[in-house]
Amino acid sequence: ENYHLHEFGLGWDHEEPNENTVTLAQAAPKAGHRLGYVYDFGDCWEHVIEVEKTHRPAPRTAYPRVSAGARACPPEDCGGPPGYHDMLKALRARKGARYRQVKEWLNGPYDPAAFDKNAANAALAELATTS
C-alpha cells in the first residue's frame, strides 16, 4: 500500500539521487546490475532488485511495467519477515487460535501464491501519474 518510509540504495559513490528524478535505466542500466530497496524501516523489508534482461522500448507501451512475477506481496504491517513467516504458518495450519486471529486480521481472502500481472501494472501506472 506504499504508506511506510522507504529507501533505494543505488550503490553509487556520491549522494543518492532523488528516486523521482532517476529512472531505473539510469540506476541499473543493464543485466546483472543490482540495487537495494528497504520498505518500512520498522519492519525492515530488505530487497535486492536485479536486472535480469533489458529490452528496447515497445511503441505505444507505458513504462514501467511488469513482464512476469510470482507470489503476492505480504500484507502491510504483518510484522516484517518474521511476522509474515508466522502468518503463513498459521494459515497453513487452518485451525487453532492463531489461525482464527490471522484470518480476522486479514479481513478477507489472502493467497500468498497469487500474482496478478495486470494489477501490478495498474499499480505502477497509478504511481507514474502521481509521481
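Of the 131 residues in this protein, buried ones make up 20%. What you're looking at is a predicted model, and its secondary structure comes to 4 helices and 3 strands. The domain assignment splits out domain 1 (1-54) and domain 2 (71-114), and the largest nonpolar core takes at least three residues from each of them. Here's the rundown, topic by topic.

**Overall layout**

- Reading from the N terminus, the elements go β-α-β-β-α-α-α.
- The C-alpha trace spans about 50 × 35 × 30 Å along its principal axes.
- Among contacts with a separation of 6 or more, 56% are between residues 24 or more positions apart.
- The protein exposes about 10,100 Å², and 53% of that comes from carbon and sulfur atoms.

**How the two domains meet**

- Taken over C-alpha atoms, the centres of domain 1 and domain 2 are 27 Å apart.
- Contact between the two involves 9 residues of domain 1 and 8 residues of domain 2.

**The nonpolar cores**

- The largest nonpolar core has 12 residues in all. Its members include Tyr-37, Tyr-39 and Trp-45, along with Cys-78, Tyr-84, Met-87 and Leu-88. Ala-90, Leu-91, Tyr-99, Val-102 and Leu-106 are also in this core.
- The elements giving two or more residues to this core are S2, helix H2 (80-93) and helix H3 (97-106).
- H2 is the top contributor to this core, with 5 residues.
- Domain 1 (1-54) and domain 2 (71-114) each put at least three residues into this core.
- Leaving aside residues up to four places away in sequence, Leu-88 touches Arg-71, Tyr-110 and Pro-112.
- Another core, of 5 residues, lies apart from the largest one, and among its members are Ala-27, Ala-28, Leu-35 and Val-51.

**Aromatic pairs**

- Searching the whole structure turns up 3 aromatic pairs.
- In one of them, the ring centres of Phe-8 and Tyr-37 are 4.7 Å apart with the planes at 35°, so this pair counts as tilted.
- Phe-8 sits in strand S1 (residues 6-9) and Tyr-37 in strand S2 (residues 34-39), so their pairing ties together parts that are 29 residues apart in sequence.
- The two partners differ in cover: Phe-8 is partly exposed at 29% relative accessibility, while Tyr-37 is buried at 16%.
- Tyr-37 also pairs with Tyr-39, with ring centres 6.5 Å apart and planes at 20°, so that pair is stacked.
- Tyr-37 and Tyr-39 are both buried, and both belong to the largest nonpolar core.
- Put together, ring pairs link Phe-8, Tyr-37 and Tyr-39 into a cluster.

**Cysteines**

- The structure holds 0 disulfides.
- Why doesn't Cys-73 form one? Its closest cysteine sulfur, in Cys-78, is 11 Å away, which is too far for a bond; a disulfide needs the two sulfur atoms within 2.5 Å.
- Seen from the other side, Cys-78 is in no disulfide either, with the sulfur of Cys-73 as its nearest cysteine sulfur at 11 Å.
- Their surroundings contrast as well: Cys-73 is exposed, with a relative accessible area of 66%, whereas Cys-78 counts as buried at 12% relative accessibility.
- Cys-78 is also one of the residues in the largest nonpolar core.

**Two more residues to look at**

- Glu-76 is in the loop between strand S3 (45-50) and H2.
- Is Glu-76 buried or exposed? Glu-76 has a relative accessible area of 14%, so this residue counts as buried.
- His-4 and Glu-76 are 72 residues apart in sequence, but their C-alpha atoms are 9.0 Å apart in space.
- His-85 lies in helix H2, the helix that gives the most to the largest core, yet His-85 itself counts as exposed at 52% relative accessibility.
- From His-85 to Gly-36 is 49 residues along the chain, and their C-alpha atoms are separated by 22 Å.

Technical notes. Residues numbered from 1 in each chain as written. Predicted model: local features only at pLDDT ≥ 70, side-chain atom pairs only at ≥ 80, totals over all residues. Heavy atoms only, no water. Buried < 20%, exposed > 50% of the residue type's maximum accessible area, 1.4 Å probe, protein only. Phe/Tyr/Trp six-rings, centres within 6.5 Å; stacked < 30°, edge-to-face > 60°. Core = buried A, V, L, I, M, F, W, Y, C linked by side-chain atoms within 4.5 Å. Domains from an automatic or database assignment. Contact = heavy atoms within 4.5 Å. Areas by Shrake-Rupley, 256 points an atom, 1.4 Å probe, with all protein chains shown as cover.
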